[in-house]
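Q: I am new to this structure and would like a close look at one part of it: the places where its pieces meet. Could you take me through them slowly, with each term explained as it comes up?

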Protein chains: 2
Amino acid sequence: MPQATPWTPPLIAVAVDLAVFTVLDEQFAVLLIERGIEPDIGSLALPGGFLATASEDLSAAAARELAEETGLDAAQVHLEQLATYGVPDRDPRQRVVTVCYLALVPGPLSPMAGGDARNAAWRPVDDIEPASLAFDHATILAEAVERARSKLEYTTVATSFCGPEFTMSELRRVYEIVWGRRLDPRNFQRKILNIPGFVEATGKQTVRNGGRPALLYRAGPARLVQPPILRTRTDDSSPQ
Amino acid sequence: MPQATPWTPPLIAVAVDLAVFTVLDEQFAVLLIERGIEPDIGSLALPGGFLATASEDLSAAAARELAEETGLDAAQVHLEQLATYGVPDRDPRQRVVTVCYLALVPGPLSPMAGGDARNAAWRPVDDIEPASLAFDHATILAEAVERARSKLEYTTVATSFCGPEFTMSELRRVYEIVWGRRLDPRNFQRKILNIPGFVEATGKQTVRNGGRPALLYRAGPARLVQPPILRTRTDDSSPQ
DNA sequence: GGTGCTATCGTCAAGGTGACCAAAAGGAGG
DNA sequence: CCTCCTTTTGGTCACCTTGACGATAGCACC
């Protein structure tokens, strides 16, 4: 603790890491970069970096990194703090405390457009070998995946994976892909529509080739869902 | 991001703050200290401090602070990371990033025994004026209170507020006091006993003055509760 | 027009929940 | 010993949500 005597606290490098998720190509995917510098050169890692200056805000740094990697403005995506990781030897170079953020971005609209996409790529979370990740990013990624899955239960963030307008089927596919479970279309629609403020009808409907046109919705003002939409172990477990 | 050029990341003071909660005297209380040094001298604040050395682990620092303030070993209490706060001007002296931890300690057994209890005291959370708290601790405390309340819904941490053995009524009082709601004793007991691993019967029962003796339970191995125990807005809202 | 596909509405039984009655098991006081 | 009061515990019942699933609407293609 600080004293009147000239004791000064130790100074530490603070970084911000991002776990950016999307639903792309019928798969739950995360943005990973291939490291081009030591240590762990060649390994996969979550995008991130140190604070730019000693006075940069944490959330501002997260938004800056997100913009650099995906070209997306933080106002358009869901961005929240996940946790902070600071085991002393997690980086062999020096002591680094990293504040990790969770970002959910819409699917087809976000192929790293405008980002300085050196070697960043979307990877399906089910295909990632934990051992191929640098530092302690396997642990971070596992906690981020679980956070994202549970967030779908008691919040409306699933709409963050969709575009500004979406059908009930598209929203349901988000749940099915992220959870890896099949959901009944009729029960799902009943549940969503019974939650006040989850979605709002736009009045429009899709024009598609084959099948009845679907009504289009946009995200509503509600953020929390109570009671939650629980992922039960029933239903089919094959998402596709 | 780090380059091969001799760019070095800014170094920042990292602190650990604690939101230590207990159920004491039929009230939901948090441990606060009265600041003896500038800035915000005389204000109330969450206990905490800077990392002791540049190589101290974050959770180790939290456990050390907890032991200093309460004399409790971290193995006996529930201790989890809450969030990290790093707004640039939250401390007027210098840039400080603080990792806040949430601790839940048992009730009568923890009156700062053994701690260097300078001016630390339990304060009922309902009696705390937000403006009387230093720095951004009012925000931190509000989020910690909400985290603790919601944790009771989907985990078994409520047993952390009880002693090693407790009655169903004592456990129910924890929920009632933390949530500020009355709960039906019979429905509560049915719900708890239907959750596998929440509590285990000890076979013993209380010897008390008046009323039927209550069975004694201890905490079970379960940590997560599914489906959650929801705090509905029904029931009486007066906890006492 | 028939077929196939998707979306949407409705029905029904099973399980969980809140509200509440009733009984068990002790102490205090007459 | 009996009654009253207390607290704990077991049980019932109506209501709601949920999962499972039948049925219909609306469009494209052949």
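## Where the pieces meet

A: Between chain A and chain B there are eight residue pairs in polar contact, with both residues at pLDDT 80 or more. A polar contact here is a pair of N or O atoms within 3.5 Å; within protein, one must be able to donate a hydrogen and the other to accept it, and residues adjacent in sequence count only if both atoms are side-chain atoms. Please keep in mind that this is a predicted model, where local features need pLDDT of at least 70, side-chain atom pairs count only at pLDDT 80 or more, and totals for chains, interfaces and linings use all residues, while side-chain values use heavy atoms, with hydrogens and water left out. Residues are numbered from 1 along each chain as its sequence is written, with chains lettered from A and ligands numbered from 1 in the order in which they are written.

Which elements build chain A's side of this meeting? Strand 1, helix 1 (58-70), strand 5 (78-85) and strand 6 (96-104) of chain A each give two or more residues to the side that touches chain B. Helices (H or I, at least four residues) and strands (E, at least two) are DSSP runs, numbered from the N terminus. By class, that side has 24 nonpolar, seven polar and eight charged residues. Ala, Val, Leu, Ile, Met, Phe, Trp, Tyr, Cys and Pro count as nonpolar, Asp, Glu, Lys and Arg as charged, and the others, Gly among them, as polar.

The contact takes 39 residues from chain A and 39 residues from chain B, where contact means heavy atoms within 4.5 Å. The two chains bury about 3200 Å² between them, with 62% of it on carbon and sulfur atoms. Buried area is the accessible area (1.4 Å probe) that two parts lose on being put together, summed over both. The rule finds zero salt bridges across the interface of chain A and chain B; a salt bridge is a side-chain nitrogen of Lys or Arg within 4 Å of a carboxyl oxygen of Asp or Glu.

Strands take part too. Strand 1 of chain A and strand 1 (residues 11-24) of chain B run antiparallel and are joined by three bridges. In one of these, A:A13 has B:L11 as its bridge partner in strand 1 of chain B. Two strands pair if DSSP finds at least two bridges between them. Strands of a sheet pair through backbone hydrogen bonds, either parallel or antiparallel.

Next, the meeting place inside chain A. Chain A has four helices and ten strands, and is divided into domain 1 (13-153) and domain 2 (157-219); such bounds come from an automatic or database domain assignment. Their contact takes 16 residues from domain 1 of chain A and 13 residues from domain 2 of chain A. The C-alpha centres of these two domains lie 27 Å apart.

Domain 1 and domain 2 of chain A bury about 1300 Å² between them, 72% of it on carbon and sulfur atoms. A:V23, A:E26 and A:L152 supply 45% of the area that domain 1 of chain A buries against domain 2 of chain A, more than any other three residues.

A:E26 has a further role in the picture: its side chain meets that of A:R173 in a salt bridge (2.5 Å, N to O). The rule finds one salt bridge across this domain interface, and the count of residue pairs in polar contact there is five, both at pLDDT 80 or more. On the side of domain 1 of chain A that touches domain 2 of chain A, strand 1 (11-24), strand 2 (27-34) and helix 2 (137-154) of chain A each supply at least two residues. Helix 2 of chain A gives the largest share of that side, four residues. By class, that side divides into eight nonpolar, four polar and four charged residues.

Over all chains, the structure holds 32 salt bridges. As for the pair in chain A, A:R173 lies in helix 3 (residues 168-179) and A:E26 in the loop between strand 1 and strand 2, so the pair ties together parts that are 147 residues apart in sequence. Side chains of opposite charge can pair when their charged atoms come close.
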